[in-house]
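I opened the model to look up one loop residue, one helix and the sheet beside them. My entries follow.

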Amino acid sequence: MTIAKELSGRAKAMLRAVAAGRGELSGGREPDLYVDGLPCCDRMATHDLVHAGLLRARRAVGLDERSDAELTDEGRAAIA
């Protein structure tokens with residue numbers, strides 16, 4: 001089964017928001033996603049997307065900082 005078929009509609013929407021340049025990730029081992037400056041309600045989905053290698057921060061940040069989020073090649077393929 002492909003990753004795209006395993007993702008929920010919410011996870012795909014989160015990836016699409018990042019692809020549109022609307023996402024930021026907080027620093028730390030379990031980053032949080034912010035869309036349009038607001039915290040995303042599904043922290044577990046964010047953690048799963050990051051750990052699956054679909055989503056990442058553009059630069060390294062500290063715990064109290066945020067970075068623009070970007071999709072990896074796998075993340076782009078998951079919503080194609």
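I first looked up Thr 72, which is buried at a relative accessible area of 6%; buried means under 20%, exposed over 50%, with a 1.4 Å probe and protein chains only. The model is predicted, so I note that local features need pLDDT of at least 70, side-chain atom pairs count only at pLDDT 80 or more, and totals for chains, interfaces and linings use all residues. Residues are numbered from 1 along each chain as its sequence is written, and side-chain values use heavy atoms, with hydrogens and water left out.

I placed Thr 72 in the loop between β5 and α4. Helices (H or I, at least four residues) and strands (E, at least two) are DSSP runs, numbered from the N terminus. For contacts (heavy atoms within 4.5 Å), I found Gly 53, Leu 54, Leu 55 and Arg 56 touching Thr 72, leaving aside residues up to four places away in sequence.

I turned next to α2, residues 9-19, where Ala 11, Met 14, Leu 15, Ala 17 and Val 18 are buried. Viewed down the axis of α2, these buried residues fall within an arc of 160° (taken from the directions from the helix axis to the C-beta atoms), so they line one face of the helix. Gly 9 and Ala 19 are exposed on the other side of α2. I noted that the cover over the buried residues of α2 includes β1, β2, α3, β4, β5 and α4.

Last, I traced the open sheet: five strands in the order β3-β2-β1-β5-β4, with antiparallel pairing. Strands pair if DSSP finds at least two bridges between them. I recorded β3 and β4 as the edge strands, each pairing on one side only.
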